[in-house]
Protein chains: 2
Amino acid sequence: MAEVLYDTLAVIGCGLIGSSVIHAARGAGAVRRVTVSDTSDQVRERVSALGLADLVTSDPAEAVKDADLVLLAAPPLAIEGALAAAASGLKAGATVTDVGSVKGAIVEAFARVLPDGVHGVPGHPIAGTEQSGPDAGFAALFHGRWTILTPAERDDAPYRAAVERLTAFWMALGANVELMDAGHHDLVLAVTSHLPHLIAYNIVGTAADLEEVTQGEVIKYSAGGFRDFTRIAASDPIMWRDVFLANREAVLEILGRFTEDLQALSRAIRWGEGDKLEELFTRTRAIRRGVIDAGQEAPDPNWGRDRGR
Amino acid sequence: MAEVLYDTLAVIGCGLIGSSVIHAARGAGAVRRVTVSDTSDQVRERVSALGLADLVTSDPAEAVKDADLVLLAAPPLAIEGALAAAASGLKAGATVTDVGSVKGAIVEAFARVLPDGVHGVPGHPIAGTEQSGPDAGFAALFHGRWTILTPAERDDAPYRAAVERLTAFWMALGANVELMDAGHHDLVLAVTSHLPHLIAYNIVGTAADLEEVTQGEVIKYSAGGFRDFTRIAASDPIMWRDVFLANREAVLEILGRFTEDLQALSRAIRWGEGDKLEELFTRTRAIRRGVIDAGQEAPDPNWGRDRGR
């Protein structure tokens, strides 16, 4: 068993990520006690039924009362409210982190709401599946994946120690950890995650709205590439709504680039410029090689989870 | 063993699809003899080394000499040339088909080049991986997938029999077969395959060109959605160049719809219209359910093939 890093872990918002952190942290022996707070009656019932927590409550302040680590795993735009509701219960010296896909907005929320004497360290595990809810969680979700922490620019020893401990926690869960500036994080993720989701949602929507091709045909012949987009476009709607709203500027910036490139590609097709198409299609192949070499195409627990249903 | 449907199968252009047809047809006992013609020295060497064919040649007319089924599996824009080169060798009563992702252009090429007394039945197995070349082929590629045939509007008995035999051939290889008008095929595939590939190529290109985010970062944090696009964007560059050029009108039509929808989505993000985002993201989830229910998310042999490299 690994070292106990936090005596009590409080998870605020217990969906796919929150429940996976609980499974992984218990499996690694990194925590002794787990409390959960969630606004949904249904989620709390499932958390209790699954035996995920020692205490399940609708009151964030009650959940965080004895917590050494508070993990905010609600949708991005719900985090500030949850934190404000929890603030009065926070223990001095506790570390507060989150798992949201947008970090700039969380840094600002932490600055507004966190009381003194509590260490706010925003975080983001880059892992997930298109499943949602506490039943979807599993311990291996973070294995070999990256977790990015975007700590404040503080150099005092207690804060540094809090960042180090949180780093050790994610490593105990199987993740690699990287520290990054929150603004840069939001730009990188706009490229590697937010735009891909936006594009996938959009293409599935376009396909569903066509008059000349039926939805049945789209589904039947989806093996030609489309079905990969349907998987991404099945991700949690509320979470992704919040991501796009919370990271609006970076998303629109990257989307602008994408649209510009797409217009050029469209023009090359219209004018039959085969050499331009071939040049791009050859160049993109090299990136794939990089993804495979970097081990980012390692077996992923979400593959197979919806197979055969 | 199933019935022998064609004594000799000639495959013109032996990459992923051509070699998979050979593996599957031999495995099913649907053919007795296989000949291969390919313009590439390297491909012919590999075909010989792999023992895929009884005759390997650079001359299409030689390959088709005794063939009862001629399967054109070269890139779309190379098909007419290959067929013209083979025409003098074609046996009376033979069936000529292809596997291209665009059918209108093939119907026209067949009309221009096919001699009388030969049955041209364009076809398209909707199956593939991002791998290319004769080493990438495997027998299970067509299992549970759809093959669309777009026969000519002819009602004579010999032609009808040729279409029926080709249907039986694809079913022997494990595929489901559907007959369709060539123009409709090209529109359906523009949605379910061509646009997804175009979008994937484009987003990977956009990501590679950013100054603020390095290629290393894009690769490292690709698990957030991007890596699925890199797989699609690793597909054969020549083949896809040809697909976009050969199906220009349908691709540009569908791309226009996509871009329009994307502008609306961009506007909703800019103006913080969360309800519009949530409505779309909820609607797209239902399509995913359809893909799974239709069995189009069945275990796919290409998954895992590049894992762990």
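Turn chain B by 180° with 0.0 Å of shift along the axis and it lands on chain A, with an RMSD of 0.0 Å. The two copies are therefore related as by a two-fold rotation axis. Within chain B, Asp228(B) has the C-alpha nearest that axis, 3.6 Å away. Both copies use the same surface: 100% of the contact residues of chain B turn up again in chain A. Keep in mind that this is a predicted model.

Now for the contact between the chains. Here 88 residues of chain B meet 88 residues of chain A. On the chain B side, the elements that give two or more residues are α7 (182–209), α8 (215–220), α9 (226–232), α10 (237–246), α11 (248–270) and α12 (274–293). The biggest giver is α7(B), with 19 residues.

Next, a look inside chain A. Its domain assignment gives domain 1 (6–180) and domain 2 (184–293), and the C-alpha centres of these two domains of chain A lie 30 Å apart. Their contact draws 14 residues from domain 1 of chain A and 17 residues from domain 2 of chain A.

What classes of residue make up these contact sides? The table takes the side of chain B that touches chain A and the side of domain 1 of chain A that touches domain 2 of chain A.

| Side | Nonpolar | Polar | Charged |
|---|---|---|---|
| Chain B, touching chain A | 49 nonpolar residues | 19 polar residues | 20 charged residues |
| Domain 1 of chain A, touching domain 2 of chain A | 7 nonpolar residues | 5 polar residues | 2 charged residues |

Technical notes
Residues numbered from 1 in each chain as written. Chains lettered and ligands numbered in written order. Predicted model: local features only at pLDDT ≥ 70, side-chain atom pairs only at ≥ 80, totals over all residues. Least-squares fit on C-alpha atoms with pLDDT ≥ 70 in both. Contact = placed C-beta atoms within 7 Å. Helix = DSSP H or I, 4+ residues; strand = E, 2+ residues; numbered from the N terminus. Nonpolar A, V, L, I, M, F, W, Y, C, P; charged D, E, K, R; others polar. Domains from an automatic or database assignment.
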